[in-house]
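User: Please take a close look at a single part of this model and work outwards from there into its surroundings. A careful, connected account would help me most, with the cut-off behind each term stated where the term comes up.

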Amino acid sequence: MGTVLTFGTFDVFHVGHLRILERAAALGDRLIVGVSSDDLNISKKGRAPVFPQGERLQLVAALRCVDAVFLEESLQLKRHYLSEYDADLLAMGDDWRGRFDEFADICKVVYFERTPAISTTALIEKIRL
Ligand code: C2G
């Protein structure tokens, strides 16, 4: 399927993150990941990520299934990123189901089931306790 693009914060990296990246990579020849910036995360979730963007970019880029990474600075730039990186397919977790259907005119859009029972928020809570 050529180039696959996916997006995410990937803060406090866990197996749910790994699984979606591996599934996305399996759908194409190369996987490019847009890692959400610290500012975007603050505007989306009302808190700064535990790991700063430079470290999150490094961690995701080091994975065997990932070919390239870039910083996602705005949710409004999806169409721009998809055409800049010449994406054939956009893959996202199903917490975003339907939200990116508008891009079906330029690439295929696929939603994966989230890995159950694990999330960055739950991990932060667990560590806190
Ligand atoms: N994910 C998953 N299973 C989990 C947790 C997360 O499959 N248990 C997936 C999400 O569905 C998402 C990806 O892992 O596709 C990254 O998750 P987050 O870091 O929480 O990403 P998010 O903050 O939702 O950012 O432009 C879109 C945003 O940047 C997505």
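Analyst:
**A loop residue and its surroundings**

With a relative accessibility of 14%, valine 12 counts as buried, a label given to residues under 20% relative accessible area, whereas exposed stands for over 50% and partly exposed for values in between (1.4 Å probe, protein chains only). The model is a predicted one, in which local features need pLDDT of at least 70 and side-chain atom pairs count only at pLDDT 80 or more, while totals for chains, interfaces and linings use all residues. Residues are numbered from 1 along each chain as its sequence is written, and side-chain values use heavy atoms, with hydrogens and water left out.

Valine 12 sits in the loop between E1 and H1, where helices (H or I, at least four residues) and strands (E, at least two) are DSSP runs numbered from the N terminus. Although valine 12 is not a glycine, its phi is positive, at about 50 degrees. A second residue invites comparison: alanine 117, also a residue other than glycine, has a positive phi near 65 degrees, and its place is the loop between E5 and helix H5 (120-128). Alanine 117, however, counts as exposed because its relative accessibility is 89%. That loop between E5 and H5 also holds serine 119, which counts as buried because its relative accessibility is 19%. Once residues up to four places away in sequence are set aside, serine 119 touches His14 and Arg114, contact being taken as heavy atoms within 4.5 Å.

The ligand comes next. Around it are 21 residues, of which Ser36, Lys45, Lys78, Asp95 and Ile118 come nearest; a residue is listed here if one of its heavy atoms lies within 4 Å of the molecule. Among the polar contacts (pairs of N or O atoms within 3.5 Å; within protein, one must be able to donate a hydrogen and the other to accept it, and residues adjacent in sequence count only if both atoms are side-chain atoms), a polar side-chain atom of threonine 9 is 2.8 Å from an oxygen atom of the ligand. The backbone of phenylalanine 10 contributes an N or O atom that also lies 2.8 Å from a ligand oxygen atom, and a polar backbone atom of threonine 115 is 2.8 Å from a nitrogen atom of the ligand. The ligand taken alone exposes 640 Å², of which the protein buries 96%, with accessible areas from the Shrake-Rupley method and a 1.4 Å probe; for residues, only the protein chains shown count as cover.

One of the nearest residues, lysine 78, has its place in helix H4 (residues 78-84) and counts as buried because its relative accessibility is 2%. Beyond its neighbours within four places in sequence, lysine 78 is in contact with Phe7, Glu72, Phe100 and Phe103.

Phenylalanine 10 leads on to the nonpolar interior, since it is among the residues in contact with valine 60, together with Phe13, Leu21, Val33, Val35, Val66 and Val69, again leaving aside neighbours within four places in sequence. A nonpolar core is a set of buried Ala, Val, Leu, Ile, Met, Phe, Trp, Tyr and Cys residues joined through side-chain atoms within 4.5 Å. The largest one has 18 residues, and those with the most contacts inside it are Leu21, Leu31, Val33, Val60 and Val66. Two or more residues are given to this core by each of helix H1 (15-26), strand E2 (30-36), helix H3 (53-61), strand E4 (89-93) and strand E5 (108-112), and H1 gives the most, with four residues. Apart from this core lies another, of 14 residues, including Ile32, Ala87, Trp96 and Phe100. In soluble globular proteins, nonpolar side chains tend to be buried together.

Strand E4 is mostly covered, five of its five residues being buried. In a regular strand the side chains alternate between the two faces of the sheet. Leu89, Ala91 and Gly93 lie on one side of E4 and Leu90 and Met92 on the other, and both faces are covered. Strands are said to pair if DSSP finds at least two bridges between them. E4 pairs in the parallel sense with strand E1 (residues 3-8) over two bridges, with valine 4 opposite leucine 89. E4 and E5 also run parallel, joined by five bridges, and here methionine 92 stands opposite tyrosine 111.
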